[in-house]
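Visitor: I'm new to reading protein structures. Could you walk me through this one, feature by feature?

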Amino acid sequence: MSESAMTSNPPVAAEVRAARSHLARRMLKNPTGLAAIIVLALIILLAILADVLAPMDPSVANINDVLAPPSALHPLGGDSAGRDVLSRLLFATRFSIAGALWAVLIAAVIGVTSGLIAGYYQKWFETVSVWIISVIQALPGIVVLLAARAVVGPSLWLIMAVFGLILSPAFYRLTYTAVVGVRNELFVDAARVAGVGDVSIIGRHILSVVRAPIIIQAALLAGIGIAVQAGLDFLGLGDAKLVTWGQMLSDAFSRMYQAPTLLIWPSLAMALTSVALVLFGNALRDELERAAGKPKRRRRGVAAVAPKVATEKPVTHAEAQGDARSTLLEVKDLVVGYDQPDGSLKQVVNGVSLMVRKGEVHGLIGESGSGKTQTAWSILRLLPAGGRIVAGSVVFDGKDLAGLSERDMVKLRGRRISYIPQEPMSNLDPSFTIGSQLVEPMVVTLGISKAEAKQRALDLLGRVGLPDPQKTFSSYPHEVSGGQAQRVLIAGAVSCEADLIIADEPTTALDVTVQAEILELLRDLQNDLGVSILIVTHNFGVVADLCDRVSVMQNGLIVETGPARAIFADPQHPYTKALFEAILEDGAARGPLAHSADRNTVTVRSTVTEKSAR
Ligand SMILES: Nc1ncnc2c1ncn2[C@@H]1O[C@H](COP(=O)(O)OP(=O)(O)OP(=O)(O)O)[C@@H](O)[C@H]1O
């Protein structure tokens, strides 16, 4: 399948995620949503313009207007003290809405911030915040409010701030769950690898996912806030200096038999606002569900495998003559393990040593589950939760990355070491255009202006073979094919002029024809830029096509290492031989591969190789 053909068949989940970015437009097309937005906008407008619209001062009483019926002077009549009901209703709308919003704001700030931090960083913050949130939830809300009223006095703002604290667990749980769901997304990892800091990742990639559920929650809690505040005022516990719907209700209730209509206005205002808030929340949720259709997000699988201890030394081949390039990356005796719930350690890399020289393409090959990806992630220091470097060193350009602080690693990722992932689509955030995802790391990492970064991104998109860079720049990930997305990620990997690119099976998720094109692109870029590449693969065709040197991995160990040509010519380790037996054919050699004399005498039955040899 060609790239263009693939364009017509983008993954459904990607379409679905992109649809979220059009949520506001969809809400305006949803009749319930639109009606709720109009009603809420009108109510808020009345509250803001109360000073202008109110015919009288809401607190001025006139003995002649006590329980006065509606008239030209008092369109809604007078209350029990002879104050204008319409004016009071307008000001009550202002203070009731402001009180509820204040409580929701406090709840959102506390709940969302702690939920984001606990979900993203986890560890001790999660433990502490869960404990505090559980304590808040265990407190009987109304008792706390009454106690707070006794302590702080009849202040609307202080009481509603305490109510906001009581409401905060609702935001915390929502945000925490959403963040945990998205923090391990590949596009979040990709942003991290590109050198984007935690604050930017949280603000841009994580908050964008949780903001719609937060708005829904805020709408529903605002309704509750209005009801609780009215309840307190109704009981006479509110601030007598501020007119609210609760106070109006309390006043009307005391004169229910003389002037029952007084109950109607504040009740109507409360009911209308609460219903509009609930309908707004429901419409937003419906639109989200319609757009999401519960997309399945891919997560790294956790497979069970028996740990293997390093017992054998890798077979090493004599170095290629005249290769005096200096070492860029040296991994020594690397052991990676995952802490298990029973306290034991599951070892997945058992003492790997390998070396990548400047300007060299090094292949890391082995069967599925042999630990190639774990080795690559260890170099980037991006192991999933629970995983850690147990022993060994990862020396990059003279620095041991295994002992580097996270802050220093952030500076290194993207700038000095970049990453090309296995699944291009999952590594692009569906909510943002491709252009913005290329520009952001360049602005952060290279410190250049947005305009400069845009020009650079357009040049790179052209350089990686995308026919219409401007169009791709403005496209969302679901609007390009898998091959095009991989070209975009390759552009991203070279955008900050990294010295080392770690490519984790960069062609696995692609159609074979596209695989060949991507390998060709990598080869060209490597020749032009002289960048070092560590390529993880289980395909000898890829090694033959690209690599100067190769390390063969089995069960978390390197069993054989050396120049690709030497290993192809004379594999020593039984495992390497077995791998070759599985793929080599006896036919005549097809002739040199296109790019390098050092990589030119290998015969491999591989569509990829065949294509590039053509
Ligand atoms: N989160 C995890 N917890 C525990 N073990 C894990 C975890 N992730 C991976 N592993 C184990 O690490 C081993 C090596 O996995 P790795 O992903 O490095 O394999 P690989 O050689 O890259 O395979 P593939 O080619 O299929 O990607 C696997 O056998 C797996 O069981």
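Visitor: Let's start with strands. In which sense do strand 4 and strand 9 pair, and over how many bridges?

Guide: This is a predicted model, so keep that in mind as we go. Strand 4 (residues 361-366) and strand 9 are parallel partners, with 5 bridges between them. To see one spot along that pairing, find I365, which sits opposite T537 in strand 9.

Visitor: Which way does strand 8 run relative to strand 9?

Guide: Strand 8 (residues 500-504) runs parallel to strand 9, and 5 bridges join the two. Look for L500 there: its bridge partner in strand 9 is S532.

Visitor: Which residues of strand 9 lie on each side, and are they buried or exposed?

Guide: Here's the general idea: side chains in a regular strand alternate between the two faces of the sheet. In strand 9, S532, L534 and V536 are on one side, while I533, I535 and T537 are on the other, and all of them are buried. That fits the count for strand 9 (residues 532-537), where 6 of 6 residues are buried.

Visitor: How do I read a sheet's strand order? What is the order in the open sheet of 4 strands?

Guide: You read the strands across the sheet, from one edge to the other. Here the order is 3-2-5-6, and the pairing is antiparallel. Strand 3 (345-357) and strand 6 (399-400) each have a single partner strand, so they stand at the edges with one side lacking a neighbour in the sheet.

Visitor: How many bridges link strand 2 and strand 5?

Guide: There are 8 bridges between strand 2 (residues 327-339) and strand 5 (residues 387-396), and they pair in the antiparallel sense. One place to look is L329, which faces F396 in strand 5.

Visitor: Which strands does helix 14 lie across?

Guide: Helix 14 (residues 372-380) lies across strand 2, strand 3 and strand 5. Its direction makes an angle of about 110° with strand 2.

Visitor: Now a hairpin, please. How many residues lie between strand 10 and strand 11?

Guide: The hairpin has 2 residues between the strands, and N555 takes a positive phi near 45°. Strand 10 (residues 549-554) pairs with strand 11 in the antiparallel sense over 6 bridges. Among the bridge partners are S551 and T561, the latter in strand 11. Strand 11 (residues 557-563) is mostly covered too, with 7 of its 7 residues buried.

Visitor: On to helices. How do helix 6 and helix 11 cross?

Guide: For two packed helices, we describe the angle between their axes and the distance between the axes. The axes of helix 6 (residues 85-121) and helix 11 (residues 198-234) come within 8 Å and cross at roughly 145°. The crossing of helix 6 and helix 11 is right-handed. Residues meeting there include G99, A103 and A107 from helix 6, and A218, A222 and G225 from helix 11.

Visitor: Where does UniProt place the feature "transmembrane region"?

Guide: The unreviewed UniProt entry lists it at residues 34-54, 95-121, 128-148, 154-174, 214-237 and 257-280. Compare that record with the model: residues 95-121 are 100% helix and 0% strand, with end C-alpha atoms 38 Å apart. For residues 128-148 the figures are 90% helix and 0% strand, and the end C-alpha atoms are 24 Å apart.

Visitor: How exposed is I142, and what is the count of other C-beta atoms within 10 Å?

Guide: I142 is partly exposed, because it has 13 other C-beta atoms within 10 Å, between the limits of 12 for exposed and 20 for buried. I142 lies in helix 8 (residues 141-152). Its C-alpha atom is 8.8 Å from that of V228, although the two are 86 residues apart along the chain.

Visitor: Which element has the lowest mean pLDDT, and which the highest?

Guide: First, a rule of thumb: where pLDDT is low, don't read the predicted coordinates in detail. Helix 1 (residues 3-7) has the lowest mean, 37, and helix 4 (residues 31-48) the highest, 93. Over residues 1-20 the pLDDT is below 50. The pLDDT also stays under 50 over residues 293-310. Across the protein the average is 81, and 85% of the residues score at least 70.

Visitor: And the overall picture: how many helices and strands are there?

Guide: The protein has 24 helices and 11 strands. Of its 614 residues, 47% are buried.

Definitions and conventions
Residues numbered from 1 in each chain as written. Predicted model: local features only at pLDDT ≥ 70, side-chain atom pairs only at ≥ 80, totals over all residues. Pairing = 2+ DSSP bridges. Contact = placed C-beta atoms within 7 Å. Axes fitted to C-alpha atoms, helices over the stretch in contact; angles between N-to-C directions. UniProt positions renumbered as here; feature names shortened; annotations may be inferred. pLDDT = per-residue confidence, 0-100. Left-handed = near helix turned anticlockwise from the far one by under 90°.
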